[in-house]
Amino acid sequence: MRKAPSDCAADPAADPAFTKHGLYQPILSNKMSPLQIALILGSTRPNRISPLVGNWVKTILESSGTSSPQFSILTVDIQTFDLPAFNESVHPALINDLSKFTSQSARNWNHEIAKYDAYIIISPEYHAAIPGSLKNALDFLYHAWTGKPAMIVTYGIMGGTSASEGLRVILENGFKMKVSSFAPRLEFPGRDPTKNNSSQALIEAMQGKLSVETMKFWEGKKQEIFQGFKEVLEFVAK
Ligand SMILES: Cc1cc2nc3c(=O)[nH]c(=O)nc-3n(C[C@H](O)[C@H](O)[C@H](O)COP(=O)(O)O)c2cc1C
């Protein structure tokens, strides 16, 4: 069950948003206001396509006609946090106060992630796993999002299957998150098994382009995206 509105608590510690970990998490949304969903972009290279894939997913969900519960999807771009390679001296589970992370960027990243009710992670597959920059960013987290709901959306030659499976283990085992059973895998069309599964769509993606043909090919994944998101909304409501 989502927490009660917290707007009248004079003492933050008396507020239901002030958790046993001493984290004061501003609950942006209450039962009357939209759920806050973060759409996290999982790649950081200069000519990445994750912003295009993320925007495609966001547009689908925003045009789904789902009006109850109301939700807002905000894009969170790891690249803008300028995180160092993981440099905390302890496991973030031991950092109960988000203001105590070593660097300002890690503090900002944790505070940003703590704001949301649930997450959609958009990740490509790099060398049969999630990108190192995404894993590094996740390593800085714990209390900001442990236990919360998430949906995984991956893309790649085979839909980013290995990245999807690996990310599920990280979120479920590492962070005890509730991950939707639907985890859409967006496959680049036209792969040629005789050419190492390469395709025009893959070559374009590496150059930062997402073709109309590729997005048309992904239309068939819309239902899975809706289903996964529906699960996430149900997890939040429980
Ligand atoms: C370092 C690197 C490794 C890659 N490894 C894989 C891979 O293992 N499987 C796959 O399907 N695609 C792989 N690709 C291709 C990516 O799916 C494709 O370049 C995609 O556009 C990457 O997402 P991004 O544009 O958001 O960075 C790799 C790309 C890069 C840059």
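Two residues are in contact if their C-beta atoms, placed from the backbone, lie within 7 Å. By that criterion Leu74 touches Gln36, Ala38 and Leu39, with residues up to four places away in sequence left out of the count.

The structure is a predicted model, in which local features need pLDDT of at least 70, side-chain atom pairs count only at pLDDT 80 or more, and totals for chains, interfaces and linings use all residues. Residue numbers start from 1 along each chain as its sequence is written.

## Overall architecture

The protein has 7 helices and 6 strands, where helices (H or I, at least four residues) and strands (E, at least two) are DSSP runs, numbered from the N terminus. Read from the N terminus, the order of elements is β-α-β-α-β-α-β-α-β-β-α-α-α. Of the 238 residues, 37% count as buried. A residue is buried if 20 or more other C-beta atoms lie within 10 Å of its own, exposed if 12 or fewer, and partly exposed in between, with C-beta atoms placed from the backbone. Among contacts between residues at least 6 apart in sequence, 72% join residues at least 24 apart.

## Strand β3 and its partners

Strand β3 spans residues 118-124, and 7 of its 7 residues are buried, so the strand is largely enclosed by the rest of the structure. Ala118, Ile120, Ile122 and Pro124 point one way from β3, while Tyr119, Ile121 and Ser123 point the other way.

Two strands pair if DSSP finds at least two bridges between them. β3 pairs with β1 in the parallel sense over 5 bridges, and Leu39 stands opposite Ile120 of β3. β3 is also joined to strand β4 (residues 149-156) by 6 bridges, and these two strands run parallel. Within that pairing, Thr154 in β4 is the bridge partner of Ser123. Between β3 and β4 the chain passes through α3, and this β-α-β crossover is right-handed: with the strands pointing away from the viewer, the path from the first strand over the helix to the second runs clockwise.

## Helices α2 and α3

Helix α2 covers residues 104-114, and its buried residues are Ala106, Trp109, Asn110 and Ile113. Seen down the axis of α2, these residues fall within an arc of 95°, so they line one face of the helix. The arc is that of the directions from the helix axis to the C-beta atoms. The buried residues of α2 pack against β1 (35-41) and α3 (132-139).

In α3, the buried residues are Leu134, Ala137 and Leu138. They cover an arc of only 100° around the axis, which puts them on the same side of α3. Their packing partners are α2, β3 and α4 (161-175).

## Individual residues outside the buried class

Four residues are tabulated below by location and C-beta neighbour count.

| Residue | Location | Other C-beta atoms within 10 Å | Class |
|---|---|---|---|
| Leu74 | strand β2 (residues 71-77) | 14 | partly exposed |
| Glu112 | helix α2 | 18 | partly exposed |
| His127 | loop between β3 and α3 | 9 | exposed |
| Ala128 | loop between β3 and α3 | 13 | partly exposed |

Leu74 and Ile40 are 34 residues apart along the chain, and their C-alpha atoms are separated by 8.5 Å. Glu112 and Phe81 are 31 residues apart in sequence, with a C-alpha to C-alpha separation of 9.8 Å.

The loop that leaves β3 contains two residues of note for their backbone geometry. His127 has a positive phi of about 45° although it is not a glycine. Ala128, likewise not a glycine, has a positive phi of about 60°.

## Surroundings of the ligand

There are 16 residues around the ligand, of which Ser43, Pro124, Gly156, Ile157 and Ala205 come nearest. A residue is near a molecule if its C-beta atom, placed from the backbone, lies within 6 Å of it. The shell divides into 8 nonpolar, 5 polar and 3 charged residues. In this division Ala, Val, Leu, Ile, Met, Phe, Trp, Tyr, Cys and Pro count as nonpolar, Asp, Glu, Lys and Arg as charged, and the others, Gly among them, as polar. Pro124 connects this shell with the description of β3: Pro124 is among the residues nearest the ligand and is one of the buried residues of that strand.
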